[in-house]
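The exercises below ask you to read a protein model step by step, and each task is followed by a worked solution. Keep the sequence and the structure side by side while you work.

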Amino acid sequence: MERSFERYFRQNHLPHLWCPGCGNGIAMKAIVQAIEQKGLSQDNTVIVSGIGCSSRASGYMDFDTLHTAHGRAIPFATGIKLANPDLNVVVITGDGDCTAIGGNHFIHGCRRNVDLTVVMFNNNIYGMTGGQASPTTPIGAKATTAPYGSVDRTFDACELAEAAGATYVARSTAFHVTHMTNMIAAGLDNKGFSFIEAMVQCPTAFGRKNRMGGPADMMKWMRDHAVMKAAWDKLPQEKREGKFPIGCFLQTQAIDYDTAYDQVIKRAGGAAK
Ligand code: SF4
């Protein structure tokens, strides 16, 4: 295959520091493929990330990038979008960054319907800081902070985004690469808050602790437990046990934050952007 994607990456920042077999690279590549699929200009696209293993991606991607503070990628991205609505703004965040430290920013970004594409790399754990349980760690799964299994109920980040007001919500996995690319590409099309949960394997902090085997085994687990939404909708409740849906869960329209602000500016007698 033509190696045309090299131009999207900062060669002098590679090789990356992710562990061998980590799924983050697959999700990062899917974002770049979606950007290429949609024909977005590299010079007109900004990548904003928070803190964590996933958020290292912004350092490798040759766009205008911002590696921000823990949990704060969405507010930084909101500021960029309001300052220059012509930019395509993509946020890369992790499950801890997005739903714990940045949880409030996440729900209010959804509520405001800011025109951002937020891709949450969900590895079910805090990888970079040593394997602490995150809000998406499954009940009963082990973490360094939950050596006998987590008792906290798990956030479904897609349901959270839907309930909070996002206008595009989807999930995919590192096993379903083309599907993941398509889910992100559709998010880039949406004028409003797009949320894509990209499930990625973390063989080091999550897989090892939970005896899930190597990276390939973890990807096979995703293959065997993910169910496409159309099939999921027809699945009786008892057959859903232990499985999870992937696909587009919500695609709707609502006024986005830039447009709403333009209307306020006009009402106040100013010139809209
Ligand atoms: Fe990837 Fe996990 Fe290693 Fe972080 S700790 S780089 S998420 S495999």
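**Exercise 1.** In which loop is the place of N113?

*Solution.* Begin with the reminder that the model is predicted. Following the chain, you find N113 in the loop that runs between α5 (103–112) and β4. Next, consider its backbone, where phi is near 55 degrees, a positive value in a residue other than glycine. Finally, look at its accessibility: N113 counts as buried because its relative accessibility is 2%, and the cut-off for buried is under 20%.

**Exercise 2.** Determine whether R211 counts as buried or exposed, and describe its backbone.

*Solution.* Start by placing R211, which is found in the loop between α8 (203–207) and α9 (215–225). Its phi is positive, at about 50 degrees, although R211 is not a glycine. The last step uses the relative accessibility of R211, which is 78%, so this residue counts as exposed, given that the cut-off for exposed is over 50%.

**Exercise 3.** Find which residues touch the most other members of the largest nonpolar core, and then trace the elements that contribute to this core.

*Solution.* The largest nonpolar core has 34 residues, and the ones touching the most other members are I31, I35, M61, F121 and I184. Two or more residues each come from α1 (24–37), α2 (57–60), β3 (88–94), β4 (117–122), β5 (168–173), α7 (177–189) and β6 (194–199). Of these, α1 gives the largest share, namely seven residues. Now take I184 as an example: leaving aside neighbours within four places in sequence, I184 is in contact with A30, I31, A34, T117, V119 and I196. Apart from this core lies another one, of 26 residues, which includes A157, V169, F195 and Y257.

**Exercise 4.** List the residues that surround the ligand and sort this shell by class.

*Solution.* Around the ligand you find W18, C19, C22, N24, C53, N123, G127, C202, P203 and T204. When the shell is sorted, six residues are nonpolar, four are polar and none is charged.

**Exercise 5.** Compare the settings of N124 and T65 by asking where each lies and what each touches.

*Solution.* N124 is found in the loop between β4 and α6 (157–164), and because its relative accessibility is 13%, N124 counts as buried. Not counting residues up to four places away in sequence, N124 touches D95, S134, T136, T137, P138 and F206. T65, in turn, has its place in strand β2 (residues 64–67), and with a relative accessible area of 26%, T65 is partly exposed. With the same exclusion of sequence neighbours, T65 touches R10, I47 and S58. The C-alpha atoms of T65 and V46 are separated by 5.6 Å, although these residues are 19 apart along the chain.

**Exercise 6.** Decide how the radius of gyration of the protein relates to the value from the globule rule.

*Solution.* First note that the protein has twelve helices and eight strands. Its radius of gyration is 18 Å, close to the 19 Å that the globule rule gives for 273 residues, so the protein is as compact as a globular protein of that length. Buried residues make up 49% of the 273 residues. As a last step, consider contacts between residues at least 6 apart in sequence, of which 68% join residues at least 24 apart.

Conventions
Residues are numbered from 1 along each chain as its sequence is written. This is a predicted model: local features need pLDDT of at least 70, side-chain atom pairs count only at pLDDT 80 or more; totals for chains, interfaces and linings use all residues. Side-chain values use heavy atoms; hydrogens and water are left out. A nonpolar core is a set of buried Ala, Val, Leu, Ile, Met, Phe, Trp, Tyr and Cys residues joined through side-chain atoms within 4.5 Å. Buried means under 20% relative accessible area, exposed over 50%, partly exposed in between (1.4 Å probe, protein chains only). Helices (H or I, at least four residues) and strands (E, at least two) are DSSP runs, numbered from the N terminus. Contact means heavy atoms within 4.5 Å. A residue is near a molecule or strand if one of its heavy atoms lies within 4 Å of it. Ala, Val, Leu, Ile, Met, Phe, Trp, Tyr, Cys and Pro count as nonpolar, Asp, Glu, Lys and Arg as charged, and the others, Gly among them, as polar. The radius of gyration is taken over C-alpha atoms; the globule rule is 2.2 Å times the number of residues to the power 0.38.
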